[in-house]
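Please open the model in your viewer and keep the selection box handy. We will go from the whole chain to single residues, one stop at a time.

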Amino acid sequence: MRFSALQLVFKNFKDAKDRYLWKNGVKNIYYILVLIILLNIWIDKIDSIGTFLGLVSAGLAIALQVPIVNLAAWLFIVIRKPFEVGDRIEIAGVAGDVIDIRFFQFTLNEIGNWVAADQSTGRIIHIPNGKVFRVSQANYNQGFSHIWIEMPVLVTFESN
């Protein structure tokens with residue numbers, strides 16, 4: 001059925017753009033019809049619509065695991081605030097200033113990697129929100145606002 005429809009499309013349309021659009025349209029209609037036929041078969045075999053919806057939701061949860069984890073991590077970031085926009089953090093070996101927090105990822109303006117000091121490298125790093133559940137992060141702006149650096153001073157018996 002799909003093959004004959006595609007032959008008809010290629011026979012009637014010579015322009016490449018028109019062929020492409022019609023070929024995609026035929027393909028999409030074919031998949032929709034197959035899905036409708038399969039749903040009719042499955043619903044007849046399944047006694048309860050609740051069972052069907054349970055199977056579909058379980059399949060979607062498995063298929064969309066990473067986006068769901070990223071959304072859950074976004075909620076964690078927004079509610080618990082391990083970091084906010086403007087904070088300097090380090091996560092998974094990448095340090096930078098948080099410049100954006102979105103549903104699926106947050107964005108860092110990287111510091112230090114290519115330059116000697118804690119200055120911006122000019123690279124923008126996009127990190128999936130789910131990383132906050134898997135790796136530890138350090139926030140340079142929360143807690144004590146100073147960094148303690150030990151400076152050794154040599155005092156001898158001859159010193160004043």
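Here is a short tour of this predicted model, with something to select at each stop.

**Stop 1: the whole chain**

Start with the protein chain as a cartoon, coloured by secondary structure. You should find five helices and five strands. Following the chain along its sequence, the order is α-α-α-α-β-β-β-β-α-β.

Now zoom out and turn the view. Along the principal axes, the C-alpha atoms of the protein chain fill a box of roughly 100 × 50 × 25 Å. How does the radius of gyration of the protein chain sit beside that of a compact globule of 160 residues? The protein chain has 28 Å, while such a globule would have a value near 15 Å.

Switch on the surface next. About 12400 Å² of the protein chain is accessible, and carbon and sulfur atoms account for 63% of that area. Of the 160 residues in the protein chain, 18% are buried. Looking at contacts between residues at least 6 apart in sequence, 41% join residues at least 24 apart.

Before leaving the overview, colour the charged side chains. The protein chain carries 15 positive and 13 negative ones, and the centres of the two sets are 20 Å apart.

**Stop 2: N129**

Select N129, which sits in the loop between β4 (120-128) and α5 (131-134). Is N129 buried or exposed? Its relative accessibility is 0%, so N129 counts as buried, the cut-off being under 20%.

To see what surrounds N129, show its contacts beyond the neighbours within four places in sequence. They include N70, A73, W74 and I77. Add R102, F103, F104, Q105 and F106 to the selection, since N129 is in contact with these as well.

**Stop 3: P128, one step back**

Move to P128, in strand β4. P128 is partly exposed, at 35% relative accessibility. Leaving out neighbours within four places, P128 touches N70, F104, Q105 and F106.

If you draw a distance between the C-alpha atoms of P128 and F104, the viewer should give 5.9 Å, for two residues that are 24 apart along the chain.

**Stop 4: F133 and its aromatic partner**

Go on to helix α5, where you will find F133. Which residues does F133 touch, apart from its neighbours within four places in sequence? They are V69, A72, A73 and F76.

Show the rings here. The structure holds four aromatic pairs. One of them is F76 with F133, a tilted pair with 5.6 Å from centre to centre and 55 degrees between the planes. This pair links distant parts of the chain, as F76 belongs to helix α4 (residues 65-80) and F133 to helix α5, 57 residues apart.

Both partners are partly exposed: F76 has a relative accessible area of 28%, and F133 is at 46%. For another distance, pick the C-alpha atoms of F133 and I99; they are separated by 20 Å, with their positions 34 residues apart along the chain.

**Stop 5: T107 in strand β3**

Select T107, which lies in strand β3 (residues 105-111). With a relative accessible area of 6%, T107 is buried.

Display the residues that T107 touches, ignoring those up to four places away in sequence. Among them are D97, V98, I99 and D100. The list of T107 contacts also holds I124, I125 and H126.

For a long line across the view, join the C-alpha atoms of T107 and N28. These two residues are 79 apart along the chain, and their C-alpha atoms are separated by 36 Å.

**Stop 6: two backbone angles**

Finish with the backbone at two loop residues. K81 lies in the loop between α4 and β1 (88-91). What is the phi of K81? Its phi is near 55 degrees, a positive value in a residue other than glycine. K81 is partly exposed, with a relative accessible area of 39%.

Then select A92, in the loop between β1 and β2 (94-101). A92 is not a glycine, yet its phi is positive, at about 55 degrees. At 45% relative accessibility, A92 counts as partly exposed.

How values were computed
Residues are numbered from 1 along each chain as its sequence is written. This is a predicted model: local features need pLDDT of at least 70, side-chain atom pairs count only at pLDDT 80 or more; totals for chains, interfaces and linings use all residues. Side-chain values use heavy atoms; hydrogens and water are left out. Helices (H or I, at least four residues) and strands (E, at least two) are DSSP runs, numbered from the N terminus. The radius of gyration is taken over C-alpha atoms; the globule rule is 2.2 Å times the number of residues to the power 0.38. Buried means under 20% relative accessible area, exposed over 50%, partly exposed in between (1.4 Å probe, protein chains only). Contact means heavy atoms within 4.5 Å. Accessible areas come from the Shrake-Rupley method with a 1.4 Å probe; for residues, only the protein chains shown count as cover. Lys and Arg count as positive and Asp and Glu as negative; His and the chain ends are not counted. The place of a charge is taken as NZ of Lys, CZ of Arg, CG of Asp or CD of Glu. Rings of Phe, Tyr and Trp (its six-membered ring) pair if their centres lie within 6.5 Å; planes under 30 degrees apart count as stacked, over 60 as edge-to-face and the rest as tilted.
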